[in-house]
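Okay, everyone, thanks for coming. Have a look at the model on the screen, and I'll talk you through it.

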Amino acid sequence: RLEAAPPLFYWSALCSLTPPELPASKTFTWPAISETQQRQVMELHAPDDSFESPTPSTEAVIDALWGGDDKPDMVKFERLLQSWVYNSFDQSDGRQSEEA
(Lines give C-alpha, C1' and ligand atoms only; values in the text may rest on other atoms or scores of the structure.)
Protein backbone atom coordinates (compact mmCIF):
# COMPACT_ATOMS: atom_id res chain seq x y z
CA ARG A 1 0.00 0.00 0.00
CA LEU A 2 1.36 3.38 -1.03
CA GLU A 3 0.71 5.74 1.85
CA ALA A 4 3.31 8.47 1.40
CA ALA A 5 2.09 9.71 -2.00
CA PRO A 6 -0.36 8.83 -4.80
CA PRO A 7 0.80 6.07 -7.19
CA LEU A 8 1.48 8.51 -10.03
CA PHE A 9 4.30 10.08 -8.02
CA TYR A 10 5.95 6.69 -7.52
CA TRP A 11 5.70 6.09 -11.27
CA SER A 12 7.28 9.50 -11.87
CA ALA A 13 10.13 8.64 -9.51
CA LEU A 14 10.62 5.26 -11.19
CA CYS A 15 10.82 7.02 -14.57
CA SER A 16 13.43 9.38 -13.08
CA LEU A 17 15.98 6.60 -12.67
CA THR A 18 18.92 6.19 -15.02
CA PRO A 19 19.41 2.99 -17.09
CA PRO A 20 21.98 1.46 -14.68
CA GLU A 21 19.50 1.93 -11.81
CA LEU A 22 16.69 -0.02 -13.49
CA PRO A 23 16.10 -3.61 -12.41
CA ALA A 24 17.96 -6.26 -14.37
CA SER A 25 14.83 -7.85 -15.82
CA LYS A 26 14.07 -9.07 -19.29
CA THR A 27 10.34 -9.33 -18.57
CA PHE A 28 9.59 -5.70 -17.84
CA THR A 29 11.15 -2.27 -17.96
CA TRP A 30 10.11 1.36 -18.09
CA PRO A 31 11.54 4.62 -19.45
CA ALA A 32 14.78 5.91 -17.96
CA ILE A 33 16.45 9.32 -18.10
CA SER A 34 20.02 10.54 -18.42
CA GLU A 35 22.18 11.41 -15.42
CA THR A 36 21.93 15.09 -16.42
CA GLN A 37 18.14 14.93 -16.44
CA GLN A 38 18.16 13.15 -13.10
CA ARG A 39 20.37 15.86 -11.58
CA GLN A 40 17.86 18.43 -12.86
CA VAL A 41 15.00 16.59 -11.16
CA MET A 42 16.99 16.49 -7.94
CA GLU A 43 17.62 20.25 -8.13
CA LEU A 44 13.89 20.84 -7.70
CA HIS A 45 12.58 21.82 -4.28
CA ALA A 46 11.98 19.20 -1.62
CA PRO A 47 12.37 19.88 2.10
CA ASP A 48 15.46 18.19 3.52
CA ASP A 49 13.45 16.32 6.13
CA SER A 50 11.15 14.83 3.47
CA PHE A 51 13.83 12.43 2.23
CA GLU A 52 16.10 11.80 5.22
CA SER A 53 15.14 8.14 5.10
CA PRO A 54 12.90 6.08 2.82
CA THR A 55 9.28 5.66 3.82
CA PRO A 56 7.84 2.16 4.29
CA SER A 57 5.99 2.69 0.99
CA THR A 58 9.23 3.44 -0.86
CA GLU A 59 10.87 0.39 0.69
CA ALA A 60 7.90 -1.76 -0.41
CA VAL A 61 8.06 -0.47 -4.01
CA ILE A 62 11.81 -1.03 -4.27
CA ASP A 63 11.63 -4.47 -2.64
CA ALA A 64 8.77 -5.53 -4.96
CA LEU A 65 10.53 -4.44 -8.16
CA TRP A 66 14.12 -5.36 -7.31
CA GLY A 67 14.27 -8.87 -5.97
CA GLY A 68 17.99 -9.09 -5.26
CA ASP A 69 20.69 -6.95 -3.78
CA ASP A 70 21.11 -4.75 -6.87
CA LYS A 71 18.60 -2.13 -5.70
CA PRO A 72 18.80 1.61 -6.29
CA ASP A 73 19.68 3.85 -3.38
CA MET A 74 16.41 4.13 -1.45
CA VAL A 75 17.18 7.59 -0.05
CA LYS A 76 17.92 8.81 -3.60
CA PHE A 77 14.66 7.27 -4.79
CA GLU A 78 12.83 9.01 -1.93
CA ARG A 79 14.48 12.28 -3.01
CA LEU A 80 13.25 11.78 -6.58
CA LEU A 81 9.77 10.96 -5.29
CA GLN A 82 9.66 14.09 -3.14
CA SER A 83 10.84 16.23 -6.07
CA TRP A 84 7.72 15.16 -7.92
CA VAL A 85 5.46 15.54 -4.88
CA TYR A 86 6.61 19.09 -4.15
CA ASN A 87 6.86 20.35 -7.73
CA SER A 88 3.76 18.98 -9.43
CA PHE A 89 0.45 20.73 -9.76
CA ASP A 90 -2.79 18.94 -9.07
CA GLN A 91 -5.08 19.46 -12.05
CA SER A 92 -7.58 16.82 -11.07
CA ASP A 93 -10.94 16.72 -9.41
CA GLY A 94 -9.45 14.77 -6.50
CA ARG A 95 -9.00 11.36 -8.12
CA GLN A 96 -5.46 10.13 -7.47
CA SER A 97 -5.10 8.60 -10.91
CA GLU A 98 -5.16 12.03 -12.54
CA GLU A 99 -2.93 14.01 -10.18
CA ALA A 100 0.40 15.56 -11.13
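One term before we start: when I say two residues are in contact, I mean they have heavy atoms within 4.5 Å. And keep in mind that this is a predicted model.

With that in hand, let's go to F77. Which residues is F77 in contact with, leaving aside its neighbours within four places in sequence? The list is Y10, A13, L14, L17, T58 and I62.

F77 also shows up in the largest nonpolar core, which has 18 residues. F77 is among those with the most contacts inside that core, along with Y10, L14, L17, W30, W66 and L81. Helix 1, helix 3 and helix 4 are the elements that give two or more residues to this core.

Okay, let's zoom out for a second. The protein chain has 4 helices and 0 strands, so to speak of its order, from the N terminus on you read α-α-α-α. Of its 100 residues, 38% count as buried. And if you take the contacts with a separation of 6 or more, 61% of them come from residues 24 or more positions apart. As for the outside, the chain exposes about 6200 Å², and carbon and sulfur atoms supply 51% of that.

Now helix 3, residues 56–65. Which of its residues are buried? They are S57, T58, V61 and I62. Looking down the axis of helix 3, those buried residues fall within an arc of 130°, so they line one face of the helix. Here's the bit of background that helps: an α-helix has 3.6 residues a turn, so residues three or four places apart point the same way. Over on the other side of helix 3, P56 and A64 are exposed. And what do the buried residues of helix 3 pack against? Helix 1, that's 7–14, and helix 4, that's 74–87.

Next up, the rings. The structure holds 2 aromatic pairs. W11 and W30 make an edge-to-face pair, with 6.4 Å centre to centre and 65° between the planes. W11 sits in helix 1 and W30 in the loop between helix 1 and helix 2, so this pair ties together parts that are 19 residues apart in sequence. Are these two buried or exposed? W11 is partly exposed, with a relative accessible area of 42%, while W30 is buried, at 8%.

W30 forms an aromatic pair with W66 as well, again edge-to-face, at 5.8 Å centre to centre and 80° between the planes. W66 lies in the loop between helix 3 and helix 4, so the W30 and W66 pair ties together parts 36 residues apart in sequence. W66 is buried, with a relative accessible area of 3%. Put the ring pairs together and you get a cluster of W11, W30 and W66.

There's one more ring to point out: the charged end of R79 sits over the ring of F51, 4.8 Å from its centre.

Last stop, Q38, which you'll find in helix 2. Is Q38 buried or exposed? Q38 is buried, because its relative accessible area is 4% and the cut-off for buried is under 20%. Setting aside neighbours within four places in sequence, Q38 is in contact with S16, L17, T18, E21, I33, K76 and L80. Take T18 from that list: it is 20 residues from Q38 along the chain, and their C-alpha atoms are separated by 7.3 Å.

Definitions and conventions:
Residues numbered from 1 in each chain as written. Predicted model: local features only at pLDDT ≥ 70, side-chain atom pairs only at ≥ 80, totals over all residues. Heavy atoms only, no water. Buried < 20%, exposed > 50% of the residue type's maximum accessible area, 1.4 Å probe, protein only. Arc of directions from axis to C-beta. Core = buried A, V, L, I, M, F, W, Y, C linked by side-chain atoms within 4.5 Å. Phe/Tyr/Trp six-rings, centres within 6.5 Å; stacked < 30°, edge-to-face > 60°. Lys NZ or Arg CZ within 6 Å of the ring centre and 35° of its normal. Areas by Shrake-Rupley, 256 points an atom, 1.4 Å probe, with all protein chains shown as cover.
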